[in-house]
Amino acid sequence: PCMLKLLFAFSGQANALQPLSFTPADAVSRRSVLFAPAAAAAAMVATNPAPSSAAGPNGLPLTTAPSGLKWADAKVGSGKPLEAGSTASIDYSMASTAGRFPQIYTTKDKGTPYRWTLGDGKTIAGIENAIIGEDGMPPMLPGGIRRVIVPSKFGYEALSAPNSKCVEGSAVGPIPPKDDTGAYQRWVQFYCNPRIPYQPDLVLDIKLYGKRTNL
């Protein structure tokens, strides 16, 4: 199966990680949360979301917040949480819960984290809520790594309208760069396409960096 190329080795044992298998409880493997196969991530959330879990004793439960966001922390950071108006800097890995090749894009090893001002309207609510926190989900702390399953209402739902501008800077982000043709086309297929009746949920792994004073 196509492996979901997620962000960060947890405890430095990326090569030892095993694919997840799923049984009827809502959890992901603590060591595998950032390296789950795409098929497993897709199984988490389908058109009609169904509970799923990782086998084994080290399961880290995915919690569903009242808003519908699902989340799990692979690593809890330290320090103070960011607030609206702060500059956020993250690396992320993005995948879809649909399609034969769910992996879309990652900023890992690109040398340029994704940055924006929290609350400026330029980033999907699913990422902002994951960082700031909400009812049932604490804020992330710098250095933390969190997986979120983002329903379309907190993602790119607005871009399903005809004639939407689907490039970074003209639409809500993050958006894969157009010079990465494969990643950009996979993203457009699912998240900026008025011809499909629904947008599949996003799987996002987010690593939050410390506070920055400017972009």
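This is a short walk through one predicted model, from its confidence to its core and a few single residues.

Some ground rules. Numbering starts at 1 along each chain as its sequence is written, and side-chain values use heavy atoms, with hydrogens and water left out. Because the model is predicted, local features need pLDDT of at least 70 and side-chain atom pairs count only at pLDDT 80 or more, while totals for chains, interfaces and linings use all residues.

Confidence comes up front. pLDDT is the predictor's confidence in each residue, from 0 to 100. The protein chain averages 76, and 70% of the residues score at least 70. Where is confidence lowest, and where is it highest? Helix α1, residues 38-44, is at the bottom with a mean of 38. Helix α2 is at the top, at 97. Two stretches stay under 50: residues 1-6 and residues 8-58. The model does have contacts beyond four places in sequence for both, 26 for residues 1-6 and 104 for residues 8-58. A contact here means heavy atoms within 4.5 Å. Where pLDDT is low, the predicted coordinates should not be read in detail.

Now the layout. The protein chain has 3 helices and 9 strands. Both are DSSP runs numbered from the N terminus: helices are H or I, at least four residues, and strands are E, at least two. From the N terminus on, the order is β-α-β-β-β-β-β-β-α-β-α-β. Of the 215 residues, 50% count as buried. Buried means under 20% relative accessible area, exposed over 50%, and partly exposed in between, with a 1.4 Å probe and protein chains only. Among contacts with a separation of 6 or more, 72% join residues 24 or more positions apart. The accessible surface comes to about 10200 Å², and 53% of that belongs to carbon and sulfur atoms. Those areas come from the Shrake-Rupley method with a 1.4 Å probe; for residues, only the protein chains shown count as cover.

On to the core. A nonpolar core is a set of buried Ala, Val, Leu, Ile, Met, Phe, Trp, Tyr and Cys residues joined through side-chain atoms within 4.5 Å. The largest one has 38 residues. Which members touch the most others? Ile 90, Ile 131, Trp 187 and Leu 204 do. The elements giving two or more residues are β5, β6, β7 (114-117), α2 (125-132), β8, α3 and β9. The largest share, 6 residues, comes from α3.

Take α3 itself, residues 181-191. Ala 183, Tyr 184, Trp 187, Val 188, Phe 190 and Tyr 191 are buried there. Those residues pack against β5, β6 and β9 (202-208).

Then α2. Its buried residues are Gly 126, Ile 127, Glu 128, Ala 130 and Ile 131. Their cover includes β5, β7, β8 and β9. Ile 131 touches Leu 82, Ile 90, Trp 116, Leu 118, Pro 139, Met 140 and Leu 208, not counting residues up to four places away in sequence. After α2 comes Gly 133, with a positive phi near 90°.

Next, the disulfide. There is 1 in the structure. The pair is Cys 166 and Cys 192, with sulfur atoms 1.4 Å apart. Cys 166 sits in the loop between β8 (145-150) and α3, and Cys 192 in the loop between α3 and β9, so the pair ties together parts 26 residues apart in sequence. The cut-off for a disulfide is two cysteine sulfur atoms within 2.5 Å. Cys 166 is buried at 11% relative accessible area, and Cys 192 is buried at 9%.

Right after Cys 192, look at Asn 193, in the loop between α3 and β9. Asn 193 is buried, at 10% relative accessibility. Beyond four places in sequence, Asn 193 is in contact with Leu 159, Ser 160 and Val 188. Leu 159 is 34 residues away in sequence, yet 7.4 Å away C-alpha to C-alpha. The Asn 193 side chain also reaches the backbone nitrogen of Arg 195 at 2.9 Å.

Two more polar spots to finish. A polar contact is a pair of N or O atoms within 3.5 Å; within protein, one must be able to donate a hydrogen and the other to accept it, and residues adjacent in sequence count only if both atoms are side-chain atoms. Arg 147 lies in strand β8. Is Arg 147 buried or exposed? Buried, at 0% relative accessible area. Its side chain makes a 2.8 Å polar contact with that of Asp 205. Thr 97 is in the loop between β5 (87-96) and β6 (103-106), and is buried at 9%. The Thr 97 side chain reaches the backbone oxygen of Asp 201 at 3.0 Å.
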